[in-house]
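Student: Got a minute to walk me through this one? Let's just look at it together and chat.

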Amino acid sequence: MLTKSSTARPHDAPGQFRAGLIACLPTIPGYWSIGFAAGAIGTLSGFTPMETALLASLLYTGSAQFLFYSLWAAGAEMTSVVLSVFLVNLRYLLMSSSMSVFFRDYSTLQKVVSGLLLTDETFGVAVQHGSQHGKVSFAWMLGLNVSAWLNWIIACLVGAWLASALPPSLMEGLSFSLVSMFIGLVVLIWYASRHKKLETLSIAVAVLVTLFASHYGEVSVVVIAAASASATLATILLRARNKGEC
């Protein structure tokens, strides 16, 4: 009975889509807290609520939006803004590459849609789902991504509308909630991992590289280099461990 139901699920696109929506629910409070702050800071930076909502729907990344607003408010050149946002968002190249093992059966259009709507939060949720079930259906991924995307846009729009009612100093202080959410996601993924020692080492390497190298280059570049170094080390050690067990 259980085998039949589990076999039928991948062909049930509406059911998989709903399951993806449900899987996104735990991350929605984080989207709202960060999205509210991002929308508010967008208004404080001189953008209208509709411009803020449009930016949220197209750029669709909290860290890049905070960076964009801060550079825009500081009067930075557009080239610097674009390059900085590009460097910050390079982490999605690593995430998409990691998720590609679950996207092999997707069409080209499905891969593009899934990749464009991928975020730090949906990546964490999807990786856990894929590790548990061995695959991630497109309908499930679409439900997860669409739910996150719409909630982010709405949160940014609400934050932009209400920004004028709160002191600017309070709204700028909310940007720290982005860091808090990322830390929480790392902790949750660590607790759910079956390779805690390996992931602890990877996190430690990334932190140490960032601390020692941040004085010698742009922080955004250093963070990308640190993430790449720690991920490469973790991959090498994991493969060596798997070979040793064979």
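Student: How much of the contact network joins residues at least 24 apart?
Tutor: Among contacts between residues at least 6 apart in sequence, 76% join residues at least 24 apart. A contact here means heavy atoms within 4.5 Å.

Student: Before I go on, what sort of model is this?
Tutor: This is a predicted model, where local features need pLDDT of at least 70, side-chain atom pairs count only at pLDDT 80 or more, and totals for chains, interfaces and linings use all residues. Residues are numbered from 1 along each chain as its sequence is written, and side-chain values use heavy atoms, with hydrogens and water left out.

Student: OK. How many helices and strands?
Tutor: The protein has 14 helices and zero strands. Both are DSSP runs numbered from the N terminus: helices are H or I with at least four residues, strands are E with at least two.

Student: And what share of the residues is buried?
Tutor: Buried residues make up 37% of the 246 in the protein. Buried means under 20% relative accessible area, exposed means over 50%, and partly exposed is in between (1.4 Å probe, protein chains only).

Student: What about the surface, how much does the protein expose?
Tutor: About 14200 Å², and carbon and sulfur atoms supply 71% of that. The areas come from the Shrake-Rupley method with a 1.4 Å probe; for residues, only the protein chains shown count as cover.

Student: Let's zoom in. Where is G20, and is it buried or exposed?
Tutor: G20 is in helix α2 (residues 13-24). It counts as buried because its relative accessibility is 0%. Leaving aside neighbours within four places in sequence, G20 touches W140, G143 and L144.

Student: How far is G20 from V125?
Tutor: C-alpha to C-alpha, G20 and V125 are 9.6 Å apart in space, with their positions 105 residues apart in sequence. V125 belongs to helix α9 (residues 120-133).

Student: What does V125 contact?
Tutor: Beyond its neighbours within four places in sequence, V125 is in contact with A23, T27, W140 and L144. So W140 and L144 turn up for V125 and for G20, with G20 being a residue that counts as buried at 0%.

Student: What about N145, which helix is that in?
Tutor: N145 sits in helix α10. At 2% relative accessibility, N145 counts as buried. Its contacts, leaving aside neighbours within four places in sequence, are Y60, S114, L117, L118 and T122.

Student: Y60, then. What's its phi?
Tutor: Phi of Y60 is near 50 degrees, a positive value in a residue other than glycine. Y60 is in the loop between α4 and α5, and it is buried, with a relative accessible area of 5%.

Student: Switching topic: how many aromatic pairs are there?
Tutor: A search of the whole structure finds eight. Rings of Phe, Tyr and Trp (its six-membered ring) pair if their centres lie within 6.5 Å; planes under 30 degrees apart count as stacked, over 60 as edge-to-face and the rest as tilted.

Student: Give me one. How do F47 and W72 pair?
Tutor: That pair is tilted, at 5.3 Å centre to centre with 50 degrees between the planes. F47 is in the loop between α3 (28-44) and α4, and W72 is in helix α5 (residues 62-73), so the pair links distant parts of the chain, 25 residues apart. F47 is buried at 15% relative accessible area, whereas W72 is partly exposed at 40%.

Student: Which residues do ring pairs link into a cluster?
Tutor: F47, F68, Y69 and W72.

Student: And why is the Y106 and F138 pair called edge-to-face?
Tutor: Because the planes are at 80 degrees, with the ring centres 5.7 Å apart. Y106 is in the loop between α7 and α8, while F138 is in helix α10 (residues 138-162), 32 residues away along the chain. Y106 is buried, with a relative accessible area of 9%.

Student: Last one: where is S100, and how far is it from K111?
Tutor: S100 lies in the loop between α7 and α8 and is partly exposed at 35% relative accessible area. The C-alpha atoms of S100 and K111 are separated by 8.5 Å, and the two are eleven residues apart along the chain.
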